[in-house]
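This report is written for a reader new to the structure below. Please look over the sequence and the model before reading on.

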Amino acid sequence: MVRHKYSTPKSILKNNYWSPYIVGILLGLTLLSSFYIMGWGLGVSKALTRFTAYVLHVPFPQKIEKNTYFKDYIKEEKPLKDWIVFEVSGMFLGGLVGSITGRRFNLRVERGPRINIAKRFIAAIFGGIIVGFATRLARGCTSGVALSGGAMLTVGGWAFVIGMFSGGYAIAFLVKRLWK
């Protein structure tokens, strides 16, 4: 049996991952700061929707201005000048800093030995489409619903977290053979 180089807890320690306890505390403080400073919790989907509306408005201004979903996002003079867009930029930079300080930054495609790169990309795109659809259907992303909703002790937030982990474990059980 061929073992993947990231399959054991020992290899996690060798690859200089940040402590999940420290990261959890920092994430909690970030969420608390977001509630205190901005008046609401963390989220990503609104920033992505703003960005999509802005980009599509350039080639198709009439269609986007008439679209009931996107038109509210482009009414402002500078739609990308919103705190949530900066939050998402900070998340990207935080991940980059984490990978650099952990000495793990490199460009690669994470995959198991039984799946080729093309199938990995197809699976990632298909999964992204499902998550994107579900995000809009739920009117929020995992960070908005799970983190912010869970922090406010909402029933919907906790129901989402339970459903997310249950669904994740079920799918992982079905696709685990691709990673061994």
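The sections below go from the whole chain to one helix and then to two of its residues.

## The chain as a whole

The model is predicted. Its chain holds 8 helices and 0 strands, so the elements from the N terminus on read α-α-α-α-α-α-α-α. Along the principal axes, the C-alpha atoms fill a box of roughly 55 × 40 × 35 Å.

The chain has 180 residues, and buried residues make up 22% of them. Its accessible surface comes to about 13600 Å². Carbon and sulfur atoms account for 70% of that surface. Among contacts between residues at least 6 apart in sequence, 59% join residues at least 24 apart.

## Helix α2

Helix α2 covers residues 20–38. Does its length agree or disagree with the span its residue count should give? At 1.5 Å a residue, its 19 residues should span 27 Å. The expected span is 1.5 Å times one less than the number of residues, which is why 19 residues lead to that value. The end C-alpha atoms of α2 are 26 Å apart, which agrees.

After α2 comes G39, which has a positive phi, near 95°.

## The nonpolar patch

A nonpolar patch of about 760 Å² lies on the surface. The residues that make it are W18, I22, V23, I25, L26, L29, L32 and V97. Which element gives the patch its largest share? That element is helix α2, with 6 residues.

An α-helix has 3.6 residues a turn, so residues three or four places apart point the same way. Among the patch residues are I22, I25, L26, L29 and L32.

L29 lies in helix α2. Is L29 buried, partly exposed or exposed? Its relative accessibility is 47%. Because partly exposed covers the range between under 20% and over 50%, L29 counts as partly exposed.

## S34, a buried residue of α2

S34 also lies in helix α2. Its relative accessibility is 6%. Buried means under 20%, so S34 counts as buried.

What does the side chain of S34 reach? At 2.8 Å it reaches the backbone oxygen of W40. Leaving aside neighbours within four places in sequence, the contacts of S34 are G39, W40, G41, L42 and W83. G39, one of these contacts, is the residue that follows α2.

## Summary of the two residues

Both residues lie in α2: L29 and S34. L29 is partly exposed and is one of the residues of the nonpolar patch, whereas S34 is buried and has W83 among its contacts.

Methods: Residues are numbered from 1 along each chain as its sequence is written. This is a predicted model: local features need pLDDT of at least 70, side-chain atom pairs count only at pLDDT 80 or more; totals for chains, interfaces and linings use all residues. Side-chain values use heavy atoms; hydrogens and water are left out. Patches are made of residues with over 30% relative accessible area and no salt bridge: like charges are joined within 9 Å, nonpolar side chains (Val, Leu, Ile, Met, Phe, Trp, Tyr) within 5 Å. Accessible areas come from the Shrake-Rupley method with a 1.4 Å probe; for residues, only the protein chains shown count as cover. A salt bridge is a side-chain nitrogen of Lys or Arg within 4 Å of a carboxyl oxygen of Asp or Glu. Helices (H or I, at least four residues) and strands (E, at least two) are DSSP runs, numbered from the N terminus. Buried means under 20% relative accessible area, exposed over 50%, partly exposed in between (1.4 Å probe, protein chains only). A polar contact is a pair of N or O atoms within 3.5 Å; within protein, one must be able to donate a hydrogen and the other to accept it, and residues adjacent in sequence count only if both atoms are side-chain atoms. Contact means heavy atoms within 4.5 Å.
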